[in-house]
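Visitor: I'm new to reading protein models. Could you walk me through this one?

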Amino acid sequence: MKKVQKYIPPIFFIILIGLSWLFDFAAGEQIGLNFWMFFKEMILFLPLMFILIGLFDVWVPRENIEKHIGKESGWKGTGLVILLATLQAGPLYGAFPFAYILWKKGCSVRNVFIYLGAFSTIKIPMLTFEIGFLGLKFSLLRTLITLPVFILIGYLMEGYLKGKNFDVKQP
Amino acid sequence: MKLLIIFTAICLFVSLIVNRQKTWAGVKKGALMFFRLLPTLVLMLALVSIVLYLIPEEKLVEYMGEGSGITGWMTAALFGSVALIPGFIAYPLCGILIKSGVAYSVIAVFITILMMTGFLTLPVEARFFGWRVSILRNLVSLVAALLIGLIMGFFL
């Protein structure tokens with residue numbers, strides 16, 4: 001029953017958008033266009049992401065991840081997750097499933113949150129865009145200031161979650 | 001995007017050659033996760049498109065523009081945390097905002113909060129991390145973004 005319930009709000013929304021088109025309701029049409037723009041991005045991007053995550057899950061052994069970015073990995077591990085995150089693309093909600101799989105394979109709490117921070121703020125494909133519109137000085141400065149800040153967030157979250165049975169769940 | 005398609009295709013292909021069963025197990029796992037998450041995702045995108053409709057560009061310029069002071073910062077923080085705009089739209093928008101007289105530090109706050117937090121993506125985030133940790137991460141990021149904006153303000 002609960003499974004079906006989850007689908008009611010999205011379906012309701014889509015019906016409303018459909019009705020707006022039928023009756024030329026401008027606000028609904030504009031919202032529909034916005035929605036379609038976001039939906040297109042998601043539906044192209046996320047299935048690929050999940051295929052990669054699935055493959056990652058079956059092929060990459062836990063020991064590998066644990067050794068390189070696990071609890072004992074230190075600065076090298078932090079560098080590695082940042083590198084991994086910056087090479088990716090896509091919206092933040094695409095990073096959560098990947099964070100889950102890293103955690104499942106033994107990535108440390110600190111590195112999970114550093115990964116999220118780096119993924120959201122200093123992805124290289126996005127940086128080229130940022131430089132184009134806001135200039136090299138702005139982008140460089142922002143990156144340099146942001147980097148230590150989200151590493152600090154990683155440490156903060158690790159400290160806070162210590163002994164609290166933190167877990168990243170499979171949705 | 002093209003790169004991601006090619007990369008995924010290559011991974012899938014190599015994986016299929018090496019071990020067919022393992023590949024299918026992986027793809028099935030990924031697909032299952034995707035479909036379980038889909039309703040939450042659609043709902044989130046619906047909320048985002050409604051919010052984006054309610055806040056037009058001119059209003060943003062008005063509230064974040066020249067001499068807006070603390071109001072500008074608040075608007076940047078508020079809008080940044082609620083909106084979920086892909087980079088290829090957000091950066092051109094920032095370019096417009098700069099040209100209309102919005103300060104660089106305000107833009108830094110806006111862009112950092114926009115990227116690091118998402119109050120509308122919270123339902124998705126909570127599916128993975130739980131509500132408590134998700135809210136905490138967003139709040140900490142919010143403070144961090146304000147800090148980043150402040151430091152940027154000194155330099156620019």
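Visitor: Is B:E58 buried or exposed?
Guide: Buried means under 20% relative accessible area, exposed over 50%, and partly exposed in between, using a 1.4 Å probe and protein chains only. B:E58 has a relative accessible area of 58%, so by that cut-off B:E58 counts as exposed.

Visitor: Good to know! Anything I should keep in mind about the numbers?
Guide: This is a predicted model, where local features need pLDDT of at least 70, side-chain atom pairs count only at pLDDT 80 or more, and totals for chains, interfaces and linings use all residues. Residues are numbered from 1 along each chain as its sequence is written, chains are lettered from A and ligands numbered from 1 in the order written, and side-chain values use heavy atoms, leaving out hydrogens and water.

Visitor: Which helix holds B:E58?
Guide: Helices here are DSSP runs (H or I, at least four residues), as are strands (E, at least two), numbered from the N terminus. Chain B has eight helices and zero strands. The one with B:E58 covers residues 57-64, and that's helix α3.

Visitor: How far apart in space are B:E58 and B:L97?
Guide: Along the sequence, 39 residues separate B:E58 and B:L97. In space, C-alpha to C-alpha, the distance is 9.5 Å.

Visitor: What share of the residues in chain B is buried?
Guide: Chain B has 156 residues, and its C-alpha atoms fill a box of roughly 65 × 35 × 30 Å along the principal axes. The buried share of those residues is 51%.
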